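Student: Could you take me through one part of this model in close detail? I would like to see how a single aromatic contact is put together, and then what surrounds it in the wider picture.

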Amino acid sequence: MKRSFSESTARARIVHLLDAGSFTEILPPAERVVSPHLALLGVPSAFDDGVVIGSGLLAGQTVFIAAQEGEFMGGGVGEVHGAKLVGLFQRALIHKPAAVIVLAESGGVRLHEANAGLIAVSEVMRALLAVRAAGIPVLMLIGGANGCFGGMGLIARCADRVVMSDIGRLAMSGPEVIESSNGVEEFDSRDRALVWRTTGGKHRYLLGDCDVLVEDDMAAFRTAAVAELTHSLPLSLATLQAEHALLTDRVRRFGHCHDAMDIWQLGGIQQPESVADLEADAMLALKQHFQTMTAASGKQAQANALQPDPSDPSAAAYPTPELDALLSTLFGSDHHVCIEGDLIQGTAQVAGAPVAVVGSTHHAAIGVELALAQAHAVLETVRQHPKRPVVLLVDTQGQRLRHRDELLGINRYMAHMGCCIELARQLGHRVIGLVYDQALSGGFITSGLMADACYALPQAEIRVMRLRAMARVTKIDEARLTELSKSNPVFAPGVENFVAMGGIQALWRGDLQACLADALHSAPSQDERAALGYARGGRSLADGVAQRVRA
Amino acid sequence: MEKLHFDLTGQHMPAPFAPVLVGVVGSGNLEVLLEPTAAAGCTLDITTSAHGFAPIWQAVVEDFQARHGLTGVAVSINDMGATPAVVSLRLDQAAAALSMKARA
């Protein structure tokens, strides 16, 4: 009898994925490693904080595994939940399992502890990519009813391989968020067919954002996971250049499409309306046809692959006096940093040595083009200037909330930017982030939090969500949230809160040139943010939980 | 959110067992954790998202204990607004896992 993946709990998924009786849980429920923040907000916690982690055997090989429980807080990543994932990846670096498998089901950052969750997502990405660099494959299995969104959508696209079912969804912003920001005509979140063909397993499979499509069946997921165990592909300049060419090509070919069916038709699928009814087996043949068709028509696009798209609607160049002043303050007046639309890029001198500058301005919404352009600037630095430091200048309102960006797989574009930063780090580049204006929600993760260390100006604004919006979503009174936020940095907006939690290394005051020079000299290249958050009292648990998991 | 505590007497002492967890803390659902204790009787510690249902919880856990009569067992519950029927079901599922372990 078929056992549904989507209808199983996280625990049941692990039991039925692994060899019978082989699972050993790390920090099991009886340990009660729970979120302290939920109780504060009047919400019951879960004994495992919504994620089950441990080790077991898959076809006789030792694997590490994590499964998120989508029913608990939508699988949201909070302080403890995130630290368990980070700890599991760090443990994998020590014990070298055959693979790390994540059964992802999450709406992304848990709003009740949003600041901790946002930082944790970037910590998971760094820890995951370190595991890949060690030649240990990381697999994502996505098939839960709640999908894999937000920060988990970024994390998923950092993995070596992604396995999905038709029911599974993989994207950045949830349809409800896009609808509430830009209207029902932008994305009708109640149109289930539209939601699934934009974010669902079949579209992701045809585009290549998921490598294997399976039925909603535990045995099918297990078979796929076993087959993928040997697929290790650490980041390298060559692999990320190939990824960059693929993503650039995708925007050129499909960037004008309004519906997934337009994309499928362009890929040579004669009856795109029939895709929804096809079984996973039939999709395999369709995928091969889709790839052949797109490869044949893709030669021209590839020739121009590394150029930013000039048709980007946001590409109207106008530097602001404030940004001009900041650039002069940071780099002196003879820098070569340009502003093209929302993109900042160029070179400058810091203490007599060249640095690459990459960033965004005008409170940019990070869409696929901007993510690509930023990734391009980082990749070119890696290619042409080994070990040249990279300075990320952050001003973003977050990821672009458009149906079209989701259609193209914006989470993969943003994850690509994050991977480029990680590659730079692995190849000996220092990467320093500076939030000079706004850093909001998911856009901040890949454009700033992936740096060796991220700094901020005191007047900068960092947040996941305003308290009013948080009150609406969590149904907790805004006055109560305001009161609680005075003593707890974990969810409220504010640059000081991110300092307290270790996500921001320090605030820069006074001589900014000296601050930058000092940061390039002294910023840690290991991820020490959890320890910093503990020392500063803003994140009391994350570091200890990760330590217990890896011990 | 409300925290409740019940101490009930019982006579059935299960064989030594590893902690048992059933259910998830999702909307209209709950998780139940059973652990062995040295003390006699059955304790229940409940955290529930709802307010003012203590009498109903009392009735549900007394029914449970009337069915199973556990001693040497600590029950911990995280509840997200489950109905009494769902609570009883999860408690019985947990107890069933327990007796299977005891037989094994």
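Tutor: Happy to! Let us start with a charge over a ring: A:R169 lies over the face of A:W196, at 4.4 Å from the ring centre. Keep in mind that this is a predicted model. A second arrangement of this kind involves A:R253, which sits over the face of A:F254 at 5.6 Å from the ring centre.

A:F254 is a good place to stay for a moment. Searching the whole structure gives 4 aromatic pairs over all chains. In one of them, the ring centres of A:F254 and A:F290 are 6.3 Å apart and the planes meet at 25°, so this pair counts as stacked; the cut-off for stacking is under 30 degrees. The two partners come from distant parts of the chain, 36 residues apart: A:F254 belongs to helix α10 (residues 237-254) of chain A, and A:F290 to helix α12 (residues 280-296) of chain A. Both A:F254 and A:F290 are buried.

Burial brings us to a strand of chain A. In strand β12 (residues 390-399) of chain A, 9 of the 10 residues are buried, so the strand is largely enclosed by the rest of the structure. Its pairing can be followed strand by strand. Strand β10 (residues 353-360) of chain A runs parallel to β12(A) and is joined to it by 4 bridges, with A:A356 opposite A:V390. β12(A) also runs parallel to strand β13 (residues 431-440) of chain A, with 6 bridges between them; here A:L393 has A:L434 as its bridge partner. Strand β11 (residues 364-366) of chain A pairs with β12(A) as well, in the parallel sense over 3 bridges, and A:A365 stands opposite A:G398. From β11(A) the chain passes through helix α15 (residues 368-384) of chain A to reach β12(A), a right-handed β-α-β crossover.

Chain B offers another sheet to look at. Its 5 strands form an open sheet in the order β1-β4-β5-β3-β2, with mixed pairing. The edges are taken by β1 (2-8) and β2 (20-22) of chain B, each with a single partner strand, so one side of each has no neighbour in the sheet. On average, neighbouring strands are turned by 10° against each other, direction ignored. Within this sheet, strand β4 (residues 42-48) and strand β5 (residues 73-80) of chain B are parallel and share 7 bridges, among them the one between B:L44 and B:V75. Helix α1 (residues 54-68) of chain B lies across β1, β3 (29-36), β4 and β5 of chain B, at about 35° to β1(B).

Note on methods
Residues are numbered from 1 along each chain as its sequence is written. Chains are lettered from A and ligands numbered from 1 in the order in which they are written. This is a predicted model: local features need pLDDT of at least 70, side-chain atom pairs count only at pLDDT 80 or more; totals for chains, interfaces and linings use all residues. Side-chain values use heavy atoms; hydrogens and water are left out. Buried means under 20% relative accessible area, exposed over 50%, partly exposed in between (1.4 Å probe, protein chains only). Helices (H or I, at least four residues) and strands (E, at least two) are DSSP runs, numbered from the N terminus. Two strands pair if DSSP finds at least two bridges between them. A crossover is right-handed if, with the strands pointing away from the viewer, the path from the first strand over the helix to the second runs clockwise. Rings of Phe, Tyr and Trp (its six-membered ring) pair if their centres lie within 6.5 Å; planes under 30 degrees apart count as stacked, over 60 as edge-to-face and the rest as tilted. A charge sits over a ring if NZ of Lys or CZ of Arg is within 6 Å of the ring centre and within 35 degrees of the ring normal. Axes are lines fitted to C-alpha atoms, for helices over the stretch in contact, and angles run from 0 to 180 degrees between N-to-C directions. Contact means heavy atoms within 4.5 Å.
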